[in-house]
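The following note collects points that a colleague may wish to check against the sequence and the coordinates. Each point takes up one residue or one group of residues.

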Amino acid sequence: ENHPDGKEVGLGDIIAYHNETTVDWLGFFGQGSYSSGPISAYGMAGLSSISYSYIDLFKVNPTKIESDAISATQLKGGLMYDLSDKISLFGNFGLVEKPPILDNVIDEDGREARNITNENFTSTEFGVNYRTGSLAVKANYYMTDWKDRNLTKAVQTGEGSSGDTEIVYLTGVNQNHSGLEVEASMQVIDMLRVDAAIGIGTWQFKDDADGELKDAEGTSLGTYSYALKDLYVGDSPQTSMALGLTLTPIKGLSVQSLLNYYDNHYSDWSPSDREYSDGDAADREQVWMAPSYSKLNFHINYDLPMEIAGTKMSAFVHVFNALDAIYVQDATDNSSYNAFNDDGIHDASSAEVYLGTPRYFNMGLSVRF
């Protein structure tokens, strides 16, 4: 279908690919709020429709592929109730459909997916705000179900290189994210403020996934299974803590130390790594979890007590990773590029790691007009 052998190209000509895509989106959105006495509430609703097109202009006779319109809705609402001047209770709820992106409907080779599904998010959050004098505390519990996460698999049909390739959607790729978050701040004395935060989450795949390819008559051409149930989501710490101390000993001078702690950080991985066939033992071992680590930063800012031509100046110094800690910032499970052992076992020697930046600092002068 491409140009025949012998075609000459010059500087600036197309030699590899020349795809043109469009994203047509139409949406409606409305929201409202209500406040009376101790009650504050809000709500919103949205409806959208999206479609995609693709044309490979590198072919001699390019054909335009247009997807059907994909509709999605979203509903969100929240309520806050003041028990007193010091304590407020709040809750939020959301139902959101997220349509697949272009690459999950029409891939870079012009293959169009079948049985397209939207991702669905159901989120619930409730908590309490407390404020008295110099102390403020916010605590909340959240739970989000992420259902039908858009994952696809390219499957070749027919024999040899002449066979077609279809995109199959995987069903049952469901995740649950839940956890507790607490934030607090306290002005201990005029020159000392303390800020603290903690987040403890549990983020897991809830079900195994599968996909099935069918022909135009509905006959199954193959099924694909993935062992995902109870595996932890990777690529982000699920436990984090922070403690900040801010000193303002004189007017214009601010000195802050910020200590961060991270744990339960599982390696990045793809559900496609857990595909198995009937009769095979499914791999259900958790991916490698990077060691926990702490990092200390310092931030100093001083507003210079002078003005030049109506401008105000501030000097600043930032010291990052002040203790020069060595830590694993990110990791990829069973990396095929930089793993020490690519043996399929989920341990440190099979992971590709990215160490955090050693101690560094910057300083400068800012001018405000």
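1. The model is predicted, and this note begins with a pair of charged residues. Arg193 has a relative accessible area of 34% and is therefore partly exposed, and its side chain meets that of Asp195 in a salt bridge with an N to O distance of 3.0 Å. Asp195 is likewise partly exposed, since its relative accessible area is 24%.

2. A search of the whole structure yields 4 salt bridges, among them the one between Asp107 and Arg111, where the N to O distance is 2.7 Å. Asp107 counts as buried because its relative accessible area, 12%, is under 20%, whereas Arg111, with 24%, is partly exposed.

3. Asp107 deserves a second look for its surroundings, as it is found in the loop between strand E5 and strand E6 (119-132). Once neighbours within four places in sequence are left aside, Asp107 is in contact with Tyr54 and Ile167. Asp107 and Tyr54 are 53 residues apart in sequence, and their C-alpha atoms are 9.0 Å apart in space.

4. Arg274 takes part in two of the features described here. Its side chain meets that of Asp283 in a salt bridge (3.7 Å, N to O), and its charged end sits over the ring of Trp269, 5.4 Å from the ring centre. Arg274 is buried, with a relative accessibility of 2%, while Asp283 is partly exposed at 29%.

5. How many aromatic pairs does the structure contain? The count comes to 7. In one pair, Tyr262 and Tyr293, the ring centres are 5.2 Å apart and the planes meet at 40 degrees, so the pair is classed as tilted. This pair links distant parts of the chain, given that Tyr262 lies in strand E15 (residues 253-266) and Tyr293 in strand E18 (residues 293-308), 31 residues apart. Tyr262 is partly exposed at 21% relative accessibility, Tyr293 is buried at 12%, and ring pairs join Tyr262 and Tyr293 with Tyr327 into a cluster.

6. Two residues call for a check of their backbone geometry. Most residues other than glycine have a negative phi. Asp148, which is not a glycine, nevertheless has a positive phi of about 55 degrees; Asp148 lies in the loop between strand E7 (135-147) and strand E8 (152-156) and is partly exposed at 26% relative accessibility. Asn321, also not a glycine, has a positive phi of about 50 degrees, and its place is in the loop between strand E19 (311-320) and strand E20 (328-332). With a relative accessibility of 1%, Asn321 counts as buried.

7. Is Ser67 buried or exposed? Ser67 is buried, because its relative accessibility is 9%, and it is placed in the loop between strand E3 (64-66) and strand E4. Leaving aside neighbours within four places in sequence, its contacts are Ser51, Tyr52, Val105, Ile106 and Glu112.

8. A nonpolar patch on the surface is formed by Tyr34, Ile39, Leu79, Tyr81, Leu83 and Leu89, which together have about 570 Å² of accessible area. Of these residues, Leu83 is located in the loop between strand E4 (70-82) and strand E5 (87-98).

Notes: Residues numbered from 1 in each chain as written. Predicted model: local features only at pLDDT ≥ 70, side-chain atom pairs only at ≥ 80, totals over all residues. Heavy atoms only, no water. Phe/Tyr/Trp six-rings, centres within 6.5 Å; stacked < 30°, edge-to-face > 60°. Helix = DSSP H or I, 4+ residues; strand = E, 2+ residues; numbered from the N terminus. Buried < 20%, exposed > 50% of the residue type's maximum accessible area, 1.4 Å probe, protein only. Lys NZ or Arg CZ within 6 Å of the ring centre and 35° of its normal. Patch = residues over 30% accessible without salt bridge, like charges linked within 9 Å, V, L, I, M, F, W, Y side chains within 5 Å. Areas by Shrake-Rupley, 256 points an atom, 1.4 Å probe, with all protein chains shown as cover. Contact = heavy atoms within 4.5 Å.
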